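Here is a protein chain to explore step by step. Take a moment to turn the structure around on your screen before reading on.

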Amino acid sequence: MFDYAFNPNLNKNPDWSEFEFLNNSDMLEFHKTLDGYKPTPLRSLPKLASKLGLKEILVKDESKRFGIKAFKALGASYAIYRYLKNIYENKFADEFTAASFKDPEALKKLAAITFTAATDGNHGRAVAWTANRLKQKAVIYMPANTAPSRIENIEGENATVVLVEGSFDDCVAQCAKDAEANGWVEIADTAYPGYMEIPKYIMLGYSSILYELEPKPNKPNKPDIDFVFAPAGVGGIAAAITSYYIKHYQENSPKIICVEPRDSDCYLASIKANTGKAISSGGAMETMMVGLACDIPSLVAWPIIKDGIDFFMNCDDKYAVKAMHAYHAEGITSGESGSAGLAALLALFDKDAKAVRQKLGMNEDSRILLINTEGDTDPINYKKIIES
Ligand SMILES: Cc1ncc(COP(=O)(O)O)c(C=O)c1O
């Protein structure tokens, strides 16, 4: 079984007037201007739906997004665009648009920049990918035990990788310190005291995934979805999902289920503590879902998640293995962290979870949305799991 909590303070009509950034809506228009942009496919898994006794399972498959195998480029590119727009427009009289982002002449007017970020793999690759496109430098901080292929992918974008003895959260601290000392621009996907702006744009960038689902299944007034699974590391993608559905649909929003690894469940711990404050779970961080191995909630994501997510659960790696196999059987490549949503759905269908599923109202009429957030970003481990 897994640990879980229903949100005791759920509010599908929250007062988010102080989160003005949520009013931005140019994200998808921006992404459409990037070379290689293509909406990712929406797949249906009818066989699995019928096996589990559900009406429909839809999967937004991010495994091939921009050729870098994860959704993260949506966040890094949009945040770096907004950062450049801000400094450019403070300096010059003309506007910095999505076209300027691709215009070497506009970029030449700005001094050379070194972008830096901490990562378990995908966010750092996305920052390096964006910096490389802009012909700027990137320095990326990663835990020393990161799989070699994830390091090579980042170096392949002409970035420098710095390995840190410690966790993702240690990398965030080291990156912030070195950015300050060297005058680099930090593109962190997590917000912490004194660093709140960039993570807002990263989160907004992810919401292009949801805009691509318009007009179907995200149709006006009420979506054709009853449950959406939101994986959480620092909480950026989960907050993007939550803010999109709450802002568009309020009470007609689908139920949102937050999923974290068993040993790294800071959102579940924070909801259970019920103090209104985000806390660390103090978990061991031992999980193969490395993209979700973060133990300090992002201060931008937390206020959104604590209002709008219905149900929080953790999930053992063994379900991620099952989910990777289930995806593979349907012709979808899903990496360890990418499979988290389906892993949680499978865990909910364990026989000892029946009462929880009933309380959630998940039944034969339920339409489920999953996001496969990554492909085989560690191909060696992927192959090992699929062949096991
Ligand atoms: C594949 C994958 N899925 C989900 C997440 C979680 O995203 P966030 O850290 O925004 O919560 C990550 C984070 O790196 C990831 O790499």
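We will start with the whole chain, move to its domains and ligand, and then visit some single helices and residues.

Keep in mind from the start that this is a predicted model. The chain folds into 17 helices and 11 strands. Its C-alpha trace spans about 60 × 45 × 40 Å along the principal axes. Is that what a compact globule would give? What can help us here is the radius of gyration. A compact globule of 388 residues would have a value near 21 Å, and the chain has 20 Å, so the two agree. Buried residues make up 50% of the 388 residues. The contacts tell us something about the chain's path too: of those with a separation of 6 or more, 72% are between residues 24 or more positions apart.

Now look for the two domains. Domain 1 is made of two stretches, 4-69 and 203-386, while domain 2 covers 73-202. Their centres, taken over C-alpha atoms, are separated by 24 Å. Where they touch, domain 1 brings 34 residues to the contact and domain 2 brings 31. On the domain 1 side, the elements that give two or more residues are helix 1 (27-32), helix 9 (197-206), helix 10 (208-211) and helix 17 (379-386). What kinds of residues make up this side of domain 1? They divide into 20 nonpolar, 9 polar and 5 charged.

Next, find the ligand. It is surrounded by 21 residues, and the closest are G233, G236, G291, T373 and E374. Two elements give two or more residues to this shell, namely helix 6 (122-133) and helix 11 (236-249). Which helix gives the most? That is helix 11, with 3 residues. Both domains take part, since the shell draws at least three residues from each of domain 1 and domain 2. By type, the shell divides into 8 nonpolar, 9 polar and 4 charged residues.

Two helices make a nice pair to study. Begin with helix 15, residues 340-348, where 9 of the 9 residues are buried. Among these buried residues are A340, G341, L342 and L348. What covers them? The cover includes strand 8 (227-231), strand 9 (255-261), strand 10 (311-315) and strand 11 (367-372), along with helix 14 (317-329) and helix 16 (354-360).

Then turn to helix 7, residues 148-155, whose buried residues are R150, N153 and I154. These cover an arc of only 95° around the axis, which means that they sit on the same side of helix 7. That buried side packs against helix 6, strand 5 (137-143) and strand 6 (160-164). The face turned away from the buried side carries P148 and E152, which are exposed.

Let us zoom in on one residue of helix 14, A320. Is A320 buried or exposed? A residue is called buried if 20 or more other C-beta atoms lie within 10 Å of its own. A320 has 29 C-beta neighbours inside 10 Å, so A320 counts as buried. Leaving aside its neighbours within four places in sequence, A320 is in contact with M288, M289, E336, S339, A340 and A343. Two of these contacts, A340 and A343, appear in the list of buried residues of helix 15. For another look at the fold, compare A320 with T377: they are 57 residues apart along the chain, and their C-alpha atoms are separated by 15 Å.

Finally, let us visit some backbone details. Most residues other than glycine have a negative phi, and most peptide bonds are trans. With that in mind, look at the loop between helix 10 and strand 8, where P215 lies. A cis peptide bond joins E214 and P215, with omega about 0°. P217 also lies in the loop between helix 10 and strand 8, and a cis peptide bond joins K216 and P217, with omega about 5°.

The positive phi values are found elsewhere. K135, in the loop between helix 6 and strand 5, has a phi near 60°. K135 counts as exposed because it has 11 C-beta neighbours inside 10 Å. Q250, in the loop between helix 11 and strand 9, has a positive phi of about 40° although it is not a glycine. With 13 other C-beta atoms within 10 Å, Q250 is partly exposed.

Note on methods
Residues numbered from 1 in each chain as written. Predicted model: local features only at pLDDT ≥ 70, side-chain atom pairs only at ≥ 80, totals over all residues. Domains from an automatic or database assignment. Contact = placed C-beta atoms within 7 Å. Helix = DSSP H or I, 4+ residues; strand = E, 2+ residues; numbered from the N terminus. Nonpolar A, V, L, I, M, F, W, Y, C, P; charged D, E, K, R; others polar. Near = placed C-beta within 6 Å. Rg over C-alpha atoms; globule rule 2.2 N^0.38 Å. Buried ≥ 20, exposed ≤ 12 C-beta atoms within 10 Å, placed from the backbone. Arc of directions from axis to C-beta.
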